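Here are a few friendly notes to read alongside the coordinates. I have kept them as numbered points so you can check each in your viewer.

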Amino acid sequence: MTDVLLDVRDLSIAFGGLRAVEGVSLAVSRGSLAALIGPNGAGKTTLFALVSGFLRPDRGSVRFDGRNITGVAPHLNARAGMTRTFQIVQPFATQTVRENIAVGAHLHIAGRAAALAEAERVAARVGLASQLDKPAADLTVAGRKRLELARALATRARLLLLDEVLAGLNPQEIAEMIPVVRGLADTGVTVLMIEHVMQAVMNLAQHVWVLAQGRLIAEGSPAEVTRDPAVIEAYLGHGTAERLRRAAG
Amino acid sequence: MKDVAAIALFVLVIGAAAVALDSGVALTFMMMALYATLLAQAWNLLGGFGGQFSFGHALFFGSGAYVQAIAQLSGGLNAWLALALAVGSAALVALGVGALAFRYGLKGSYFALVTLAFAEVFRIVALSLPFTGGGVGLMLPLRASAANLQFGSPRGYVLLLLAFVTLALMVTAWLRHSRFGARLQAIRDNEDAARALGIAPFQVKLAACVLSGAFMGAAGAFYAQAFQYIDPALAFGPTTSVEALLGAIVGGMGTLWGPVLGALSLHLLSEATRNLFGALPGINMVIYGSVLVLIVMFMPRGIAGLGLSVRAFWGRQGAGDD
């Protein structure tokens with residue numbers, strides 16, 4: 001029995017008739033790097049919103065580090081050590097990169113100078129050191145993804161919920177970003193990432209959950225889930241697994 | 001540090017001018033310009049740094065003005081004590097209205113409408129209550145003496161307003177270099193991202209609203225003392241709300257000197273139109289409205305933003321040279 005940091009049980013929410021997340025249970029062990037994958041519209045981001053407190057579930061519970069945090073407001077969860085990033089990057093556009101990261105650092109550091117200094121250290125960890133004085137609005141997509149990561153990291157999170165930090169990046173940028181994410185995990189931060197880029201998932205994740213139409217359809221190591229017929233069908237359509245097998249045979 | 005030095009210089013120059021100048025016209029001009037500045041600065045604390053656009057800041061202004069008058073007329077309080085009470089009451093009104101609006105997550109135009117509605121409610125209530133004097137308004141007896149916070153010459157009011165404006169400048173500078181300010185600006189730029197980073201939007205916005213309300217209350221108390229007369233339309237009517245937000249928007253929201261520049265420019269403009277068009281009623285508001293449209297369309301960062309772009313332009317030119 002491993003040490004569980006995030007324990008999600010039977011989590012469900014419906015928007016009108018749409019069951020966006022239905023009966024999802026998963027457990028992320030402390031210090032692991034796990035991934036949540038699934039086709040577009042599967043409910044991955046909604047699940048993140050439920051876990052981090054932006055949405056209140058209709059049913060089910062979320063426990064973080066042994067404490068029940070179901071429906072607790074996001075800012076309280078951030079204080080407790082769980083921070084999410086956003087798929088659609090949300091920089092504080094009028095402020096510089098340094099000031100952006102300092103907002104995160106201020107969670108535990110009251111002094112302005114100390115928070116700005118901490119921002120510099122965090123920026124170095126994600127490879128933003130050379131762009132500290134740029135307005136966040138002037139960053140490239142890759143830069144904004146790094147900023148999103150840096151801000152979350154500056155809150156001294158123990159669990160990072162990363163929502164597609166690699167989406168929209170070109171292959172070179174992805175190759176640069178993967179070591180950054182791995183570096184986080186190596187420093188002891190637990191990471192649960194939503195990701196579409198399979199190269200990254202195969203490379204990084206120790207454990208993968210697959211979500212389709214709001215339900216978990218598979219879990220296991222990256223190699224296991226990518227062989228799973230249910231997963232292949234969820235991505236490529238009904239009957240694909242069968243056709244692939246016949247084509248191969 | 002640079003901000004503090006600039007503020008010190010500002011205080012020295014204006015203070016020296018107020019002491020040295022003897023012309024009543026010049027002193028009155030300074031008084032009204034500083035008054036407009038104080039309104040714009042107060043609005044800027046919540047609107048410029050917090051991104052919460054109030055259309056009803058007269059609510060806090062009027063509360064301050066009425067408490068200032070009633071505390072003296074009915075309570076028999078000294079004017080300086082009344083001033084403290086006026087500022088406190090305006091802050092309290094801001095606390096109540098802010099708590100209601102932010103508790104229900106009102107943002108953008110909804111927040112603007114709710115503040116406007118509250119100001120109107122207060123105006124109508126002030127029209128019908130006995131102790132506000134109803135539509136007749138309240139008249140403060142003229143007893144010019146410093147102990148009574150009334151001055152024979154505008155110079156005294158200039159110095160009083162300069163003290164308020166300086167305090168507002170220092171609070172603004174603090175917002176630029178503090179954790180609270182960083183949080184407030186984070187909420188303005190993106191509330192969801194701010195929440196994800198551990199910021200409690202309700203508390204931060206409410207605190208900014210109270211600060212903003214307190215300075216509006218101070219402006220209202222000054223108004224009651226300087227003109228010795230208030231009525232519901234003067235206190236809670238839209239003119240003051242518009243003046244406050246216009247000064248900050250024209251000058252540059254979320255900046256230290258923007259509201260000062262904006263208020264001064266608008267005051268100069270309104271003096272100029274008065275000379276050009278005489279006492280054509282309402283012409284000020286027509287001009288203000290046109291200026292607002294032009295600024296929002298062509299200079300969304302205001303006059304202070306214009307200065308920044310010029311500096312950035314020269315910076316680029318300089319970089320291109322070497």
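1. Let's begin with a sheet in chain A, bearing in mind that this is a predicted model. Six strands of chain A make up an open sheet with mixed pairing, and their order is 6-7-8-3-9-10. Its edges are strand 6 (82–84) and strand 10 (215–220) of chain A, each of which pairs on one side only. On average, neighbouring strands of this sheet are turned by 15 degrees against each other, direction ignored.

2. Inside that sheet, have a look at strand 3 (residues 33–37) and strand 9 (residues 207–212) of chain A. These two strands run parallel and are joined by four bridges. If you would like a pair of residues to find the register by, A:Ala34 has A:His207 in strand 9 of chain A as its bridge partner.

3. Next, the helix that packs on these strands. Helix 1 (residues 44–52) of chain A lies across strand 3, strand 6, strand 7 (159–163), strand 8 (190–194) and strand 9 of chain A. Relative to strand 7 of chain A, helix 1 of chain A runs at about 150 degrees.

4. Chain A also has an open sheet of four strands, with antiparallel pairing and the order 2-1-4-5. Here strand 2 (18–29) and strand 5 (67–68) of chain A are the edge strands, each pairing on one side only. Strand 1 (residues 4–15) and strand 4 (residues 59–64) of chain A run antiparallel and are joined by five bridges. As a marker for this pair, A:Ser12 stands opposite A:Arg59 in strand 4 of chain A.

5. Which elements of chain A each supply at least two residues of the side that touches chain B? They are helix 2 (74–80), strand 6, helix 3 (97–105) and helix 4 (112–126) of chain A. Strand 6 of chain A is also an edge strand of the six-stranded sheet. In all, 24 residues of chain A are in contact with 17 residues of chain B. The chain A side comprises 10 nonpolar, nine polar and five charged residues.

6. Finally, a helix pair in chain B. The axes of helix 3 (residues 58–73) and helix 9 (residues 201–227) of chain B come within 6 Å and cross at roughly 45 degrees, so helix 3 of chain B is oblique to helix 9 of chain B. The crossing is right-handed. Among the residues that meet here are B:Gly62, B:Gly64 and B:Ala65 from helix 3 of chain B, and B:Gly213, B:Gly217 and B:Gly220 from helix 9 of chain B. By class, this contact has 10 nonpolar, eight polar and no charged residues.

Notes:
Residues are numbered from 1 along each chain as its sequence is written. Chains are lettered from A and ligands numbered from 1 in the order in which they are written. This is a predicted model: local features need pLDDT of at least 70, side-chain atom pairs count only at pLDDT 80 or more; totals for chains, interfaces and linings use all residues. Two strands pair if DSSP finds at least two bridges between them. Axes are lines fitted to C-alpha atoms, for helices over the stretch in contact, and angles run from 0 to 180 degrees between N-to-C directions. Two residues are in contact if their C-beta atoms, placed from the backbone, lie within 7 Å. Ala, Val, Leu, Ile, Met, Phe, Trp, Tyr, Cys and Pro count as nonpolar, Asp, Glu, Lys and Arg as charged, and the others, Gly among them, as polar. Angles under 35 degrees count as roughly parallel, over 145 as roughly antiparallel, 65 to 115 as roughly perpendicular and the rest as oblique. A crossing is left-handed if the near helix is turned anticlockwise from the far one by less than a right angle, and right-handed if clockwise.
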